[in-house]
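Trainee: Could we take a close look at one charged pair and then follow the thread outward? I would like each term explained as we go.

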Amino acid sequence: MTTPEQPKVVRKKLFSPVWLLPIVALALGAWLGIKSIRESGIDVRVHFPSATGIDVSKTLVRYKGLNVGKVVDISIDDQLKGVNVDLVLDYRAGNLLKQSTKFWLVTPKATITGVEGLDALFSGNYIGMLPGEGDYRDHFEAEREPPAIVPAEDGLVVELRADKLGSLDVGSPIFYRQIPVGNIVSYHLDENHHIQLKGFVQHQYAHLVKQESRFWNVSGVRVDASLAGIKVDTESIASILAGGVSFSSPDASKEAESEQLYQLYNNEKEAHGGNSFLLTAESADGIKVGTDVIFRDLPVGEVEEIKLTNDGVAIHVRMDTPYSDLIGCSAEFWSEGAQLSLSKISHPERLISGKVIRFSPGSGAVKTEYPLLSEQPELDGNPLKLMLHADNNPGAAEGAEIRYRNVTIGRVTSVNLAKDFSQVNVAVTIDAPFKSLVTQGSDFIVQPPVEVSASLDGIEVKGTDVGNLTKGRIDLRPGNGALLSADASLPIYASAEQAQLAYQHAQQLTWQLYSSNVAVNPGSDVYYKKMKIGQVASVNWQSEQDKFAIELAIEHTYQSLLNERTIFWPTEAVTIDGGLGGVNIEVAPLSGILKGGISLGLLDEAASDTHLLYASKNLAERQSVPVTLLLPVNSSMKSGAEIRYLGNTVGTVDQVQLANNLQSLRATAYIDGRFADQLLRSDSQFRIEDAELSLRGVKNASAVLTGPFISVMPGQQATQADNFVVQAADNAIDNGNPLRLNLVRAELGSIKQGTGIFYRGILIGKVTQYQLADSGDHVVINAIVAERYRHLINGSSRFFDLSGFKVDAGIFSGVQIDAGSVETILAGGIGVATERPTADADNLPAQFELADKPEQKWLSWSPQL
């Protein structure tokens, strides 16, 4: 019987690999489609007045020299007033299309200042693009003129406002002292119908533009022709052709900010300003526009305009800025022409050029109108004799000129000490026409022949005129008070800085400090939390108290900082505070680093002394009390050494210096204020402590690294003291009056400087030095024995070498080893034995022989010493 085969069931796979191919093709096609759509570009429409110079598919769109798109279509707008230019921009330019983005057509254009769009001359016209701000936008109105594009390099942009453009154009240069430093980049008419120009100053010259700078037009050539001659004024050839702007800046002004607005004046005279006022007269006989205003035969102003009035003429006069302060309420003006007489002829040139206007200075506020006299008024011919005073001679010498605005108004007649020798008196004479300039509140400042100022920017040297070099010069600084009385005396200062300090001092609060040493000078700043609140007014040495007296001048605004909690310390240039949490570095203000300064702080409780200048901030906050210590001259004490009580730091040594008698050291130290009451009692004991290293151990181990320190034991007396004598360390061999000895031996051996001298194993002295004898046959060893052990040495004393150990060996006696202590084995030493008491001994010999080893009987001596 045949068994039928069972059918074999095979499961069909749900997914065939064949389907991967169409899926991959579909994904690739989708990616290519998305990429094509994404990179297809951005459609933008720009409306132009005409299509002149624009070609489809040829005219490109550029931004900063890079092609970002092209023109794809041009059509006429619906109103028939222009054309719509359709652009396709690179898909990456989407963030450049904002509400204020600008488009314009760039074509080659040649002007006097240069060629604009030079690249379009070779590559063809193109559309420029300047991104702006705002929301996204895809349709724009083209600019009829290229917008102002500031150069990409660093520099300063300034705004200038003028009444008329003149010869200025885009590209016109900007000059500083006839050096081109920038150029005009754009101009337009503002809403007030003024010309608004934008200038760009190159980065290396940007610091020359100050907030108080003056700009003026230097375009073209200015010709002033009159009977007096012809005056031609121009800046440079470039400004003649293309126009230009020039400016000047005061040194003391701050640097300008970007896009700061300035007035553009027509010429330099208008820019520099000055006072303008009216002169009234019945007629303008001999006076015309341009007539000079003369002072001491120097032109200081001119007539700008003459108008008729009901009563005569009004003459508009402008005084140059440097001389404006000569005009006051009491000033007088008169016209003056050529003077002809049989004896002489004065100023004959005025027969051709016309009259001039002279004046005498006045004091007080400037008026808007003065009468013009026909002749010089009669002046008080008596000069003003005045006495000036100063603590020290500020540099005034007899014959020195007194000047105001660089005009000589008087001279020094004598320089003498006051009768009580308390000050220096400088007698001066002020010429009659200038007496009204000197009023209450005026002062005088001596000007140096050469002024040198140094800063981080460099060194500046300013010279002066020959008169100052030969005679000397003193400048008057007028006051605002009433006229002087007959016995009035005014101050004179050595410099403007000293005068400013004196003025500030008079307006500020004063605070007295004292210090044993000082690191500040007059003029150093006073800080509170790094903010300047005053200055050091004076620093004086008080010889009787052996201290410095420091006077501070604090501004009234900070009066509340001066109270019972106030402390002071010298400003520290750099303070470093490190710990596990990190390092904190604080740097003082630059002026405090260069000139020194004083810092002010406030405690949470009342300070023990609000007039002491502490040596550091740490000492000030601890309310440390200063104390003077006298130390042995050989103590090796250094600044910064600690003062300890039972191992705890309670003070520090601030300064150590040799006393005048050369027998001791004088140290200034500070004791922590918390312990000052107990530690500064009159019977407290101060002692020098130093490290002691020996084989027996180490005493005062910390002194190995830090050096000697001072230990203190509090006293019991109720009275306090601030001067103490510091005792030497107990183990100091060379303290007091040690015994000095000379030892001799054939060879030095292991002896060296510092080798100890032992008596019965106790250290009593040491070797100080050694040298070869003059004869050359032995060595001389100089040693000292401590004062408290000098009674152990007399004529019967014997010295022997303890260094190392000695071995004696024999066949019958065996081996004998003779050694001292481990310390003398390693470090060496000298032993000493004395036979008889001091009273029975001979006088000390000039030299002791140093034996190689002791005799047996020496070791058995035991006198009662």
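Trainee: Does E336 count as buried or exposed, and at what relative accessibility?

Mentor: E336 counts as buried, at 12% relative accessibility. Buried means under 20% relative accessible area, exposed means over 50%, and partly exposed lies in between, using a 1.4 Å probe and the protein chains only.

Before we go on, a word on the model. It is a predicted one, in which local features need pLDDT of at least 70 and side-chain atom pairs count only at pLDDT 80 or more, while totals for chains, interfaces and linings use all residues. Residues are numbered from 1 along each chain as its sequence is written, and side-chain values use heavy atoms, leaving out hydrogens and water.

Now to the partner of E336. R358 forms a salt bridge with E336, and the closest N and O atoms are 2.7 Å apart. The term salt bridge stands for a side-chain nitrogen of Lys or Arg within 4 Å of a carboxyl oxygen of Asp or Glu. This pair links distant parts of the chain, 22 residues apart: R358 sits in strand β26 and E336 in strand β23 (residues 332-336). Strands here are DSSP runs (E, at least two residues), and helices are runs of H or I with at least four residues, both numbered from the N terminus. R358 is buried as well, at 13% relative accessibility. Elsewhere, E302, E304 and R318 are joined into one network by salt bridges that share partners.

Let's compare other pairs. A search of the whole structure finds 19 salt bridges. One of them joins the side chains of D86 and R45, at 2.8 Å from N to O. D86 belongs to strand β4 (residues 83-89) and R45 to strand β1 (residues 42-48), so the pair ties together parts that are 41 residues apart in sequence. D86 is buried, with 14% relative accessibility, whereas R45 is partly exposed at 38% relative accessible area.

Another salt bridge brings together the side chains of D285 and K355, at 3.6 Å from N to O. D285 is in the loop between β19 (275-281) and β20 (292-295), and K355 is in the loop between α5 (350-353) and β26 (356-360), 70 residues apart. With a relative accessible area of 54%, D285 is exposed, while K355 counts as partly exposed at 26% relative accessibility.

Let's step back to the whole chain. The protein chain has 12 helices and 62 strands, and 37% of its 865 residues are buried. Some of the strands form a closed barrel: seven of them run β45-β48-β47-β46-β52-β49-β53, with mixed pairing. The twist averages 35° from one strand to the next. For such angles, axes are lines fitted to C-alpha atoms, for helices over the stretch in contact, and the angles run from 0 to 180 degrees between N-to-C directions.

Two strands pair if DSSP finds at least two bridges between them. In the barrel, four bridges join β46 (residues 642-645) to β47 (residues 648-658), and these strands run antiparallel. There, R644 has T649 of β47 as its bridge partner.

A second antiparallel pair is β38 (residues 525-528) and β39 (residues 531-542), joined by four bridges, with V526 standing opposite G534 in β39. Their hairpin has two residues between the strands, and K529 takes a positive phi near 55° there.
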